[in-house]
Amino acid sequence: EQVKHKVRLLVYHHASPIAEEVENYGRYLSDLLNGQFIESGRSGGQETTFDELVEQTTQDCDLVIFGEPCQSLFGRLLTGSMGGKAAERLPASVLIARCPRWPLQRLLLVTRGQGMDNVAVDWIIRLAQASGAAVTVLAMQPPLSGADSQALAGGGLSDWLAADTPLGQQLRRIAQQLVTWEIEGKLRFRQGLPDWQIKAEVTEGEPDLIVLAADPDDWWLRRILGRLVGPLLDWVDRP
């Protein structure tokens, strides 16, 4: 189902060499989605603080286009990446506008077969409909030993699609949506640690944008499913 109200996209960036590029990228996405473009407010020539951004995001936006400030290696090690902080703290969907790439031609959806993935699925369908981009769906395996990973691979995606499991059910729904909206798409399955699976797909598929759900808040779910967002932001070179 499509969201009824007009999508509100808020662009946030610090004064930096890439500020104009991030703003242009935000305007491109806003035009693509026929959305409402909002710039993060400034007062007296001062940049909006992160806490102010959290408050603004709570009130009036669906997606934050977040331009990361320049950070030294020491600063990143000391406080973590600002992109990671935004992904964890902002109460809306967040697009980390790292090395923006447009127009969108190839989209990658990373899914773990959980209910929390549904928001990511909604975004990927909306973006693909608007841009005409092709979609690759990477079905993630949980962190397993090498032997268990090989055993779970079995017949590959054909078995997973037929399986009466949360991931199998989700993949069938996604496949049906791609057909319904006439979106070019494919399902992929890879072995190895979760971060390796994503790296392999990004290297081979060269997506313009990666879409995935936030890591779960509950420690026990993180233990079972693993963390994806933080490790991804340590190396990824695209939004």
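**Reading a predicted fold, question by question**

In this predicted model, 75% of the contacts in the protein with a separation of 6 or more are between residues 24 or more positions apart. The protein has eleven helices and eight strands, and buried residues make up 46% of its 239 residues.

Reader: Let me start with one residue. Why is E201 called buried or exposed?
Author: E201 sits in helix α9, residues 194-205. Its relative accessible area is 3%, and buried means under 20%, so E201 is called buried.

Reader: What does E201 touch, leaving out residues up to four places away in sequence?
Author: E201 touches L108, T136, L138, R188, R190, E206 and P207. A contact here means heavy atoms within 4.5 Å.

Reader: E206 is on that list. Why is E206 called buried, exposed or partly exposed?
Author: E206 lies in the loop between α9 and β8. Its relative accessibility is 33%. Partly exposed runs between 20% and 50%, so E206 counts as partly exposed. E206 also has a positive phi of about 50 degrees, although it is not a glycine.

Reader: And what makes E182 exposed or buried?
Author: Exposed means over 50%, and E182 has 76% relative accessibility, so E182 counts as exposed. E182 is found in the loop between α8 (166-180) and β7. Its phi is positive too, at about 55 degrees, and E182 is not a glycine either.

Reader: Now the sheet. How do you know that β5 and β6 pair?
Author: Two strands pair if there are at least two bridges between them. Strand β5 (residues 106-111) and strand β6 (residues 134-139) have six bridges, in the parallel sense, so they pair. Within this pairing, L109 stands opposite V137 in β6.

Reader: What makes β7 and β8 edge strands?
Author: Four strands form an open sheet in the order β7-β6-β5-β8, with parallel pairing. The edge strands, β7 (185-189) and β8, each pair on one side only. From one strand to the next, the twist averages 20 degrees.

Reader: Which helices lie against these strands?
Author: Among them is α5, which lies across β5, β6 and β8 and runs at about 165 degrees to β5. Helix α9 packs on the sheet as well, touching β5, β6, β7 and β8, and its direction makes about 160 degrees with that of β6.

Reader: Is V121, in helix α5, buried or exposed, and how do you know?
Author: The relative accessible area of V121 is 5%. Since buried means under 20%, V121 is buried. Beyond its neighbours within four places in sequence, V121 is in contact with L109, I174 and Q177. The C-alpha atoms of V121 and A213 are separated by 8.8 Å, with the two residues 92 apart along the chain.

Reader: How many residues line the largest pocket, and which classes do they belong to?
Author: The largest pocket is lined by 26 residues. By class, the lining has 24 nonpolar, one polar and one charged residues. S93, V94, L95, L212 and A214 lie nearest the centre of the pocket.

Reader: Where does the lining come from, and how much space is in the pocket?
Author: β4 (93-96), α5 (118-131), β8 (209-212) and α11 (229-233) each supply at least two residues of the lining. About 640 Å³ of space lies in this pocket.

Reader: What covers the buried residues of helix α2?
Author: The buried residues of α2 (residues 50-60) are F50, L53, V54, Q56 and T57. Their cover includes β1 (8-13), β2 (36-39), β3 (63-67) and α4 (82-89).

Notes. Residues numbered from 1 in each chain as written. Predicted model: local features only at pLDDT ≥ 70, side-chain atom pairs only at ≥ 80, totals over all residues. Heavy atoms only, no water. Buried < 20%, exposed > 50% of the residue type's maximum accessible area, 1.4 Å probe, protein only. 1 Å grid on protein atoms, 1.4 Å probe; cavity = no way out; pocket = protein on both sides within 12 Å on 5 of 7 lines; lining within 4 Å. Points joined across faces, edges and corners; volume = space filled by probe spheres on them. Nonpolar A, V, L, I, M, F, W, Y, C, P; charged D, E, K, R; others polar. Axes fitted to C-alpha atoms, helices over the stretch in contact; angles between N-to-C directions.
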